[in-house]
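This report covers a protein chain and the ligand it holds. The overall fold, the ligand shell and one loop residue are taken in turn.

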Amino acid sequence: MIEASDAAARSEPLAVLIVGAGFSGLAMAIRCRQAGIGPFRVIEKGDGIGGTWHDNTYPGAACDVPSHLYSLSFAPKADWSRMYAPQAEILAYLRETAERHGLMPLIQLGTAFQGATWDEARALWHVETDRGPITARAIVSGMGGLHHPAYPDIPGRDAFAGPAFHTAAWDHAVSLAGKRVGVIGTGASAIQVVPELAEVAGQLTLFQRTPPWIMPKNDHAIAERIKARYRRLPLARRLERARLFWLHEVRALLGFTKVSKLTGQAEALARRHLAKAVPDPELRRRLTPNYRLGCKRVLISDTYYPALQRPNVTLETGSIARITPGGVTTQDGRTHDLDAIVYATGFDVTATFTRMNLVGRDGLRLADAWAGGMGAYQGITVAGFPNYFMLLGPNTGLGHNSVVAMIEVQVQHVLDCLGALRRGTRAVEVRPEAQARFLDRIRARLADSIWQAGGCRSWYLDAQGRNATLWPDSVMAYRRSARRARMADYRLG
Ligand code: NAP
């Protein structure tokens, strides 16, 4: 295989440029290596690999999908320390995996993708980065959707005098011990950070706009004898992974994608969890969601509700009017004096995709192609953008199972397309009619999905109220749909 540095020396275009060194980009790079596809290079805007797991270092950061499932099937790890591994262990896993597969020399850190233009005559992409241009026959985006922190549009936000930062950009130089800390937001990140901060803060005020549905987590350390068994018997580890996969897959049927009778049963389970943890009926009322379970991401925690009942923690449900130099003022005129603010306010998903400055065939801009809403064939390819592939692109996020399973399906699909390029095809481009057929199919499924019909607003929906982020079915259904690239759906030039 030709390595990237050799190609650069001869100024040859890369066969593949992979953008992002998180789960997706690394999975793609490993599989390219194994398939002998090259030369390729991975560029990464961060100063280290790991993507989400590099960026999100807030106290309590962990994955809410079991580690034996939230890992690459072709890079197994027998000795996960816990059912739900903490961030540092997942990051270490990704680093070890990259090293074991010899990827590190092929990864260029501190290099941000700024845009790319398709060159029809030469059948290649001219890529702009903040470290200079790159040419490549194909681009695989492993940029994901959750890396542009979203800050709330609250008047006076910049006026706050103390430290203020986002969960995805944690300032470890700031000690919050003994401080009056405000946390804004009650999503997946907040419910992990709040119990940790409550332990150290003098006073913690949690500003809740919408209460989340929370299920029991049942996290636990994995015993040494189990780890030893997984090391000795890879089949036992594979069976555990399969058990976890099907356990999560069943949730697609259990009302995680559509409102059904089972939605009510899942809600009853979550209500029992709340009732057991919170004896005070008034606090319980304020923590009870008024929309259907599954409409927003269903959270799991055994420590969040107890944390909210500590004497140094206040749950504030009055809406925020403005931020002042000294804290937060709520609509009812009360002021909440704070030394620091933590924004657990999520990510700007749409911006991530629309900011990709991509110019395809005949000068078509991705932003224009998506003016009526984001959408891609199998969430991977877009008509007008030959040899451009997305991992975790539109409509391929999940609320019920591990996204790593989705990534692996997409990597196989992309490998099929890269295989066609290797066999001499200059350009692989999805046929507009195949893309339209696919989008019609999933939009019909989305019409009565829980995200549309569940009575809430979430980051899953765009400004027009359309869901262009989640896959509306099971992972198995996606596997059937996308795992192999049907070449009849592609124009091979
Ligand atoms: P999020 O789910 O989007 O939650 C953002 C929170 O901020 C919500 O509670 C939201 O309230 C609140 N908020 C936003 N703007 C506000 C405003 N102007 N005033 C008051 N509150 C405001 O973000 P996240 O918790 O970072 O999670 C994002 C995604 O990252 C998750 O859905 C998940 O996919 C992923 N994640 C995964 C894990 C994991 O363990 N696997 C952990 C963390 C994150 P509303 O609900 O009212 O909008």
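A polar contact is a pair of N or O atoms within 3.5 Å. The model described here is predicted.

**Ligand contacts**

By that cut-off, Thr186 makes a polar contact with the ligand, because a backbone N or O atom of Thr186 lies 2.8 Å from a ligand oxygen atom. The table lists this contact together with those of Gly346 and Trp459, each of which involves an oxygen atom of the ligand.

| Residue | Protein atom | Distance to a ligand oxygen atom |
|---|---|---|
| Thr186 | backbone N or O | 2.8 Å |
| Gly346 | backbone N or O | 3.5 Å |
| Trp459 | polar side-chain atom | 3.1 Å |

On its own, the ligand has 900 Å² of accessible area, and the protein covers 83% of this.

**The shell around the ligand**

The ligand is surrounded by 22 residues. Those that come nearest are Asp64, Thr186, Ser189, Thr210 and Lys296. Thr186 thus appears both in this group and among the polar contacts in the table. Sorted by class, the shell consists of ten nonpolar, eight polar and four charged residues.

Which helix gives the most to the shell around the ligand? Helix α5, which spans residues 188-200, does so with three residues. In terms of domains, at least three shell residues come from domain 1 (4-148 + 348-492), and at least three come from domain 2 (157-213 + 257-343). Both domains are therefore represented around the ligand, each being built from two sequence segments in the assignment used.

**The chain as a whole**

The protein chain contains 16 helices and 20 strands. Its radius of gyration is 23 Å, close to the 23 Å that the globule rule gives for 493 residues, so the chain is as compact as a globular protein of that length. Taken along the principal axes, the box filled by the C-alpha atoms is roughly 70 × 55 × 45 Å. Of the 493 residues, 56% are buried.

**A buried loop residue**

Asn467 is in the loop that runs between α15 (450-453) and α16 (475-482). Is Asn467 buried or exposed? Asn467 counts as buried because its relative accessibility is 6%, and the cut-off for buried is under 20%.

The side chain of Asn467 has polar atoms close to two backbone nitrogens of the chain. A polar atom of this side chain lies 2.9 Å from the backbone nitrogen of Thr469. For the backbone nitrogen of Leu470, the distance to a polar atom of the Asn467 side chain is 3.0 Å.

Methods: Residues are numbered from 1 along each chain as its sequence is written. This is a predicted model: local features need pLDDT of at least 70, side-chain atom pairs count only at pLDDT 80 or more; totals for chains, interfaces and linings use all residues. Side-chain values use heavy atoms; hydrogens and water are left out. A residue is near a molecule or strand if one of its heavy atoms lies within 4 Å of it. A polar contact is a pair of N or O atoms within 3.5 Å; within protein, one must be able to donate a hydrogen and the other to accept it, and residues adjacent in sequence count only if both atoms are side-chain atoms. Accessible areas come from the Shrake-Rupley method with a 1.4 Å probe; for residues, only the protein chains shown count as cover. Helices (H or I, at least four residues) and strands (E, at least two) are DSSP runs, numbered from the N terminus. Ala, Val, Leu, Ile, Met, Phe, Trp, Tyr, Cys and Pro count as nonpolar, Asp, Glu, Lys and Arg as charged, and the others, Gly among them, as polar. The radius of gyration is taken over C-alpha atoms; the globule rule is 2.2 Å times the number of residues to the power 0.38. Buried means under 20% relative accessible area, exposed over 50%, partly exposed in between (1.4 Å probe, protein chains only).
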